[in-house]
Structure formats: structure tokens, C-alpha cells
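Subject: Structure handover

Hello,

Here is the structure for you to look over. My notes on the core, the strands and the cavities follow below it.

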Amino acid sequence: MRAIVQDGYGPADRLRLAEVDRPAVGDDEVLLRMRATSVHPDVWHVVTGRPFVPRPKGSGLHRPTGRIPGTDVAGTVEAAGHAVTRFQPGDEVFGKTLRGYSWRNGGAFAHYVSVPQSRLAVKPPNITFERAATVPTAGYIVLANLHPDRSSPASGCWSTGRPVASERSPRSSRRLVART
């Protein structure tokens, strides 16, 4: 199969397309035929190796421990491990490839990836694969920052009550608000 691979930290032009082996499927994993993935700041951190702090925590000190970047996935289940009970071949799913600590490569930039069943959900039929692939990391960040006292479906919006910090946005002092 083909995949985007990373042999060391640095700019994106160090990534390359290569032939790699199809991943093995663990007992509690599914083999996912990728239909879409997303790029988000955590992927950038692992590709560039910046900041340095995550490297000793599992990303790899001198080069990434996993060669294939990407963590957010959307695709079709091709095969399931012996202990998988939630999915079967043909199911359309989305989720995240990693358990726990996420500043490391997860293998999503490939034709196929093995994913623990606990990290996946059934893709709603009215959502495209491309849209589903953008949800796991971005959605987690939004939910983690919602302030329970200011979040109410009845109010029509959710607000963190805190400024959003982003070096790419001129609106960095505004508050995150998501319309329901």
C-alpha cells in the first residue's frame, strides 16, 4: 500500500510518498480502508518536532517512533480482530487512531490503518467522510473547553468563557462560540 512517510523531524517537504506494508490487525482493532483524514496542530507538532517537549514523552527523541503521520480517520472497515464486537466489514466509521497521548504519529496518512475499536464510532449517513475526519481532534478540543455553566442547548450557543489562543487568527482575543 502507499502512505506518506516521515523519516525525521522537519518541514513538510521532508514527507514523502512510499510503498509500505499493510498494517497488522490486533485482536481489538479494525483494519480501516481510509477515505479521509485531517491535518491539525498535533500533526504539525509531530512532523516538525516542535515543541521539543513531546519528543521524550513518546514521539521519539531524534525521529518519530511511527513513520506515518496523522491521527484523525474516516473510512470503511475492511477486517476486524477476533475481539472486535462493535464493527464488521463494510461499516463506515470515523475516529482517532491513538489511545491516550496524541503527540505522536498515528498512521492515518495511508491507504489502510489499524485502529482500536474503542477509538471509533459509526459515521452518520448524512455526514461525508471528509467532514467526519475533521471531528475527532477539533471536536475534543471544543468539548474540553466548554464551560458547563455557560453551555446550554436552550441558550442557542456554547461558550468557553475564556479567550481562544491562536497564532493564526487575528481574533485571538474573542471567545469560542459554537452555534447549536
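First, a definition: a cavity is a set of points, on a 1 Å grid over the protein atoms alone, where a 1.4 Å probe fits but cannot get out; its lining residues have an atom within 4 Å of a point. Grid points are joined across faces, edges and corners, and a volume is the space filled by probe spheres set on the points.

This is a predicted model: local features need pLDDT of at least 70, side-chain atom pairs count only at pLDDT 80 or more, and totals for chains, interfaces and linings use all residues. Residues are numbered from 1 along each chain as its sequence is written, and side-chain values use heavy atoms, with hydrogens and water left out.

Cavities

The structure holds 2 cavities of 30 Å³ or more. The largest has a volume of about 40 Å³. Its lining includes Y9, H45, R50, R55 and W103. That lining divides into 5 nonpolar, 3 polar and 2 charged residues. (Ala, Val, Leu, Ile, Met, Phe, Trp, Tyr, Cys and Pro count as nonpolar, Asp, Glu, Lys and Arg as charged, and the others, Gly among them, as polar.)

The second largest cavity has a volume of about 40 Å³. It is lined by 11 residues, and D42, V43, V46, T71 and R104 are the closest to its centre. Here the split is 3 nonpolar, 6 polar and 2 charged.

Core

A nonpolar core is a set of buried Ala, Val, Leu, Ile, Met, Phe, Trp, Tyr and Cys residues joined through side-chain atoms within 4.5 Å. Buried means under 20% relative accessible area (1.4 Å probe, protein chains only). The largest such core has 24 residues, and L32, I68, V73, F87 and L120 have the most contacts inside it. β3 (29–37) and α1 (41–48) are among the elements that each supply at least two of its residues. β3 gives the most, with 4 residues. Helices (H or I, at least four residues) and strands (E, at least two) are DSSP runs, numbered from the N terminus.

Beyond its neighbours within four places in sequence, F87 is in contact (heavy atoms within 4.5 Å) with residues including V30, V77, V93 and L120.

Strand β5

β5 covers residues 92–96, and 4 of its 5 residues are buried. Strands pair if DSSP finds at least two bridges between them. β4 and β5 run antiparallel, joined by 5 bridges. β5 and β7 (residues 120–122) also run antiparallel, with 3 bridges. V93 in β5 stands opposite G75 and opposite V122 in β7.

Best wishes

Terms used:
Buried means under 20% relative accessible area, exposed over 50%, partly exposed in between (1.4 Å probe, protein chains only). On a 1 Å grid over the protein atoms alone, a cavity is a set of points where a 1.4 Å probe fits but cannot get out, and a pocket is an open set with protein on both sides within 12 Å along at least five of seven lines; lining residues have an atom within 4 Å of a point.
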